[in-house]
Amino acid sequence: MEKKGKGNRLKRSERRAGMLFIAPIYLQFIVFFLFFMAYSLYMSLTDWNILEGTQNFIGFENFKQILTDPLFWKSLWNTLYLMLGIPIGMLFAMMAALALNRRMVGKTVYRVILYLPAVSSTVAIALLWRWIYNAEYGVLNMLIEQFFGVKGPNWLGDPDVVKISLIILGVWRGMGNTMLLFLAGLQNIPKEYYEVVDVSGGNAWHKLTYVTLPMMSPTYFYVIITGVIGGLQAFGDQFIITGLGPEHSAMTVVYYLWEKGFAEYNMGAACAVAWVLSIFIFVITLIQFKTSKSWVYDGNG
Amino acid sequence: MKVHTKQRLTNAVIHVVMTVVALTMLFPFIWMLSTSFKDKMHAQIFPPQWIPDPFLLDAYEEVWEVAPLLSGIKNSLIIAIPVLLFGTLSSALAAFAFAKMDLPKKNLLFMALLSSMMIPGVVTMIPQYVVWGNMGLVDTFIPLIVPGTLGNITMMFFFRQYLTSVPNALIDAAKIDGAGWFTIFGRIMLPAMKPAIAAQVIFWFMGIWNDFMGPLIYLDSEENYTIQLALRLLSNMSEATSEYPMIMAGAVISCLPLLVLYVCFQRYFVDSMVVSGIKG
């Protein structure tokens, strides 16, 4: 009887300590997530403007205005277009990972160099590429003229080229990260699978197409999910390198939100954009999870 | 013998290809460094000059006076240090509780925290700005410090994964010796988590150093600018006069701390990637 009482007391003290340990992070969750999420939902239903001082309830008016604004759809289109960089980056990263997944002198050096852009200061990289892409004095167009004798494109000033310029930068910056993930994935493939191919008389090409590439599907899934969530929130590069771009050709959804909030001070509309974006991210992620069952290898055959 | 030769040939081909790839990846950095050691004239001559001649340090000397880079570095550290110190402690405590302790409705509490990662940060950004504004705290570091000191859910998740590999026997033994939960955390858990803490702190530091949108929204006066805002200011002021060597010198300076961290702690980058990315 006494022993049980002591056990209960210990259990109670453990629970008390545990609740105390999670208290700070829960305080953050409740205040900076739950509370402000509810606040944001409320604001999205008002004409909250901190410049004009209005904050009247207007129902779904903000959502209606955004969804009928051609500029919003353009920014969504731009954002999706820029995400073309995800498959391109994956392709290059996969080739690099396959090349480096072997015993070879100097492979660490290549790995470090490819990852370098990912560990550089963001604004520095943006300013560097802004300089490289400069139509007149940028080194890229100088090289094009030097070696091909033609004038290069106006990388940041031509609405048809701006997005391609941003994709090149994105692939360059993100490739090292994806390659490290792929290298880790490659090392997780059990050796026996390759031995089976050997026994049944397959060659290196069979190993690649029947074992390596399909077995990497959980990694592709992770890279695509995180890439899409990050890509839908693109903002900084555009803000620094191109601004809105010629004819708003570089305006992303978050950039659109930023304009609503911090150029027009229309906080209600900015919150509504944030919610439209969240719903969009949620639906896309859900679709990816649902379809993943048909193509992601889950270890059960 | 034949297999051996074939393997060597493959390696040689890969070396050639990877050298070309590596040089392409490095080319922007080479141009950044090269420009930063030139004068304004030589930065723009055709054909491009790869090795600066004359080789000048002027941009590195003058850049500090053109833009508030030094106070930018200082301000970024003022934000990073308390956030990393308290935020890491808070994340580690919560991770310990979720991994090793008995809590009522533990899984529900844990999943609720994780679910918040699905909502993009811009959702809570606007009302937060409004509330900090009403409190008169815009253009101070408070909005950039306070939320982070309470923890970081990604970090907490990573720590919890890591702690599942620490044997419970260690905790049981300490309990028999009459150690309290704080002692167990401080004497056993923290030391066991050292590599995970190192990796996560480096990543978080990079995130704070590179944060652009937060400071852009909250900090108005130049003396409060973080390193990223100071860099942007440098570019805004120097581009009209084509002072590209200066801008590139500033860019190099802002990259240096991150590159030093990367070179010194390269192992952690790969480790934390593997755990958080694939097994997590």
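Here are two short exercises on chain B of a predicted model and on how chain B meets chain A.

Residues are numbered from 1 along each chain as written, and chains are lettered from A in the order written. Local features need pLDDT of at least 70, side-chain atom pairs count only at pLDDT 80 or more, and totals for interfaces use all residues.

**Exercise 1.** Find which elements of chain B have the lowest and the highest mean pLDDT.

*Solution.*
Step 1: Start with the chain. Chain B averages a pLDDT (the predictor's confidence in each residue, from 0 to 100) of 91, and 95% of its residues score at least 70.
Step 2: Turn to the elements. Helix α14 (residues 266-279) of chain B is lowest, with a mean of 59, while helix α6 (residues 142-149) of chain B is highest, at 98. Helices here are DSSP runs of H or I, at least four residues, numbered from the N terminus.
Step 3: Look at residues 276-280 of chain B, where pLDDT stays under 50. Where pLDDT is low, the predicted coordinates should not be read in detail.

**Exercise 2.** Describe the interface between chain B and chain A.

*Solution.*
Step 1: Count residues. In contact (heavy atoms within 4.5 Å) are 98 residues of chain B and 89 residues of chain A.
Step 2: Find salt bridges (a side-chain nitrogen of Lys or Arg within 4 Å of a carboxyl oxygen of Asp or Glu). There are three between the chains, including B:Asp102 with A:Lys11 at 3.6 Å, N to O.
Step 3: See what chain B contributes. Helix α1 (residues 2-36) of chain B gives the largest share of the side touching chain A, 18 residues.

Key: Heavy atoms only, no water. Helix = DSSP H or I, 4+ residues; strand = E, 2+ residues; numbered from the N terminus.
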